[in-house]
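Work through the exercises below with the sequence and the structure at hand. Each task is followed by a solution in steps.

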Amino acid sequence: DRQTLVAVLQFLRRSNLRESEEILRREARLLGDDLGAAALSPAGTGLLGTPAGDAESTGGEALLSRVTAATTIAIGGSAAAVSSSSPGVAAVAAVPPGKGGPCAGAAGVPHLTSRIVSHCTFASSFRLSYKLLLYAFAVGGGVVVEDQPDVSAVLSAYNQQGDPTLYEEYYSGLKHFIECSLDCHRAELSQLFYPLFVHMYLELVYNQHESEAKSFFERFHGDQECYYQDDLRVLSSLTKKEHMKGNETMLDFRTSKFVLRISRDSYQLLKRHLQEKQNNQIWNIVQEHLYIDIFDGMPRSKQQIDAMVGSLAGEAKREANKAKVFFGLLKEPEFDVPLDDEDEEGENEEGKPKKKKPKKDSVGSKSKKQDPNAPPQNRIPLPELKDSDKLDKVMNMKEAARRVRLGPECLPSICFYTFLNAYQGLTAVDITDDSSMIVGGFADSTVRVWSVTPKKLRSVKTAADLSLIDKESDDVLERIMDEKTASELKILYGHSGPVYGTSFSPDRNYLLSCSEDGTVRLWSLQTFTCLVGYKGHNYPVWDTQFSPYGYYFVSGGHDRVARLWATDHYQPLRIFAGHLADVTCTRFHPNSNYIATGSADRTVRLWDVLNGNCVRIFTGHKGPIHSLAFSPNGRFLATGATDGRVLLWDIGHGLMVGELKGHTDTIYALRFSRDGEILASGSMDNTVRLWDAVKAFEDLETDDFTTATGHINLPENSQDLLLGTYMTKSTPVVHLHFTRRNLLLAAGAYSSQ
């Protein structure tokens with residue numbers, strides 16, 4: 001509306017943001033030409049030329065102060081500060097991949113890049129601030145920036161006073177009612193215990209009833225589920241009102257409503273009880289701080305509820321998993337696969353190629369038909385295939401023709417790479433797609449690359465030597481390599497803290513590493529030097545991974561956000577905000593249109609690369625998540641956590657479809673075999689386990705009712721799916737990788753304890 005726009009224009013004028021003011025005035029012309037004059041009225045007059053003391057001007061001043069708050073956040077704070085705990089509102093896009101004005105084209109013009117990118121960043125931050133301002137007014141008041149709430153505002157909700165001596169009575173009364181209700185309702189209503197306990201305790205502490213709070217905590221904390229123990233430990237340290245200010249856990253709990261999924265019958269029962277007892281204190285907390293997702297139909301059983309709960313903010317709302325996800329694979333580019341010399345020779349000259357052809361077709365069959373669930377080919381801009389990529393694809397197809405078909409009757413051989421004497425502390429491992437190189441990230445801040453084939457690692461010659469080479473010769477790529485530098489191991493120095501994640505690019509020309517120092521570094525595997533340091537995270541970066549098509553990569557860290565980058569932009573393209581704790585692991589979907597992130601808030605989220613939206617939230621793990629793996633067909637996701645369980649998810653329906661129990665410690669590695677028949681999991685319990693993925697995913701019950709209500713029926717015994725357990729002597733497993741022919745490679749550092 002006019003008043004708002006004038007206030008914004010006045011603010012921009014005062015802050016000397018002339019350029020932004022011009023842009024806004026041009027846009028405002030759509031709403032009325034006289035706005036420009038009004039905004040430029042002398043400082044002594046208020047809005048639209050009224051004297052500064054008038055009522056309308058005070059409205060302008062109030063608006064102005066709100067604008068100031070909004071812009072400080074939008075322009076001053078980094079884009080990451082703007083976030084959301086709701087699934088729908090998710091990301092702040094800086095520059096869309098492949099779009100975004102001059103930045104996109106600037107990749108090939110190094111000397112122009114910095115100026116253009118900074119211009120883009122300014123423009124986007126202005127667009128962002130403008131949108132934020134309008135949003136601030138649209139919501140009718142305070143600026144909604146959910147990730148950075150004002151602590152005092154958040155806490156003031158606890159002002160509603162009840163009699164502190166009655167809290168224990170209220171809680172035990174409700175507890176007694178729930179424990180005496182029918183079995184079918186008891187399981188569902190028991191979910192209330194934990195969030196009510198936390199909020200009642202915090203309310204007592206906030207209102208400075210410290211002794212009552214202590215007695216309340218001691219009496220009831222033992223009744224809570226075991227998977228909340230870590231959260232309760234943090235809570236027990238909050239014993240004074242002063243402790244609550246600036247406490248992250250506290251703010252998370254207050255700002256994100258705890259989600260409970262309850263059937264209508266159970267909800268009506270609870271409501272009737274609280275109204276009869278006139279138990280307003282509890283009813284207020286339910287209304288104010290909990291989000292109850294009510295569904296029609298049968299209440300869920302204890303097993304069904306236990307499978308889904310456990311995250312920091314309860315379950316996911318059902319709406320969060322309704323969006324359409326294109327989980328199919330992109331069409332492979334078509335080109336001929338030349339046959340090997342050895343294929344053409346042999347006794348049966350005509351027979352051999354014929355035998356080969358059906359096999360070759362089975363590999364190329366993906367490219368023949370478009371997958372109905374696949375995203376449009378140009379949904380996000382992907383890099384063009386270079387000649388070397390095409391050669392690599394040909395090699396891949398030849399290898400695939402000789403691939404071993406795995407299954408319960410034919411398990412893979414496992415080759416274990418043990419890092420001996422790794423006193424530097426091995427913290428991350430990755431293996432190239434063609435299994436020719438292995439990289440280790442270490443706690444002493446080094447990155448070490450080994451060749452695991454007889455071919456040694458060589459650097460490119462110096463500039464002086466390169467000028468002497470005949471550029472036209474056929475073996476020019478061989479000649480540029482310096483034989484004198486050949487060695488099995490290269491050490492890369494540059495980070496100033498432990499290296500927590502490493503990832504090879506699909507074309508094996510680059511390597512990513514991320515560290516406690518807050519940076520992600522891109523290394524060249526031609527020169528073994530650092531090309532770029534990407535700075536965006538302000539805290540340790542726990543994981544990074546290249547897209548299956550190269551060019552894009554993702555990183556996640558302690559600042560609770562994941563960022564999408566492109567190798568030729570030094571600013572992130574997308575910021576995925578929504579997790580309530582550290583983002584501990586990241587994975588690209590095989591079609592590169594989606595990114596999965598696992599977090600210490602015990603949830604897994606799936607993000608859309610195109611628009612930055614969160615399209616899936618999976619809850620069910622009882623501890624921080626440390627490993628993710630997509631099935632090769634893109635339909636399923638496997639996740640592993642500190643609770644020692646592997647959970648299986650159907651991405652299309654947004655449902656949990658399996659739970660694999662067996663490990664006794666954190667699962668750090670998960671990998672599907674190349675055709676998806678077997679899932680391998682590696683854990684800190686020094687074992688690799690193989691699971692029958694075909695059996696786990698067959699006959700899934702994903703009817704509309706299950707999808708709508710989340711009544712999942714997991715098989716009782718996951719031991720039927722376990723195909724084998726392989727112990728190491730004393731080596732925790734930190735990485736797994738299937739070669740192109742389905743040999744399983746595992747890696748870890750020997751620990752002498």
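**Exercise 1.** Determine whether Thr-519 is buried or exposed, and list what surrounds it.

Solution. Thr-519 has a relative accessible area of 9%. Buried means under 20%, exposed over 50% and partly exposed in between, with a 1.4 Å probe and protein chains only, so Thr-519 counts as buried. Next, place the residue: Thr-519 is found in strand S11, residues 519-524 (strands, E, at least two residues, and helices, H or I, at least four, are DSSP runs numbered from the N terminus). Then take its contacts (heavy atoms within 4.5 Å): leaving out residues up to four places away in sequence, Thr-519 touches His-495, Ser-513, Cys-514, Tyr-534, Lys-535 and Val-541.

The model is predicted: local features need pLDDT of at least 70 and side-chain atom pairs pLDDT 80 or more, while totals for chains, interfaces and linings use all residues. Residues are numbered from 1 along each chain as its sequence is written, and side-chain values use heavy atoms, without hydrogens and water.

**Exercise 2.** Find which residues of helix H11 are buried, and on which side they lie.

Solution. In H11 (residues 210-220), Ala-213, Phe-216, Phe-217 and Phe-220 are buried. They cover an arc of only 95° around the axis, so they lie on the same side of H11; the arc is taken from the directions from the helix axis to the C-beta atoms. The face turned away from that side carries the exposed residues Ser-211, Lys-214 and Glu-218. Finally, the cover over the buried residues of H11 includes helices H8 (167-180), H10 (193-206) and H12 (229-236).
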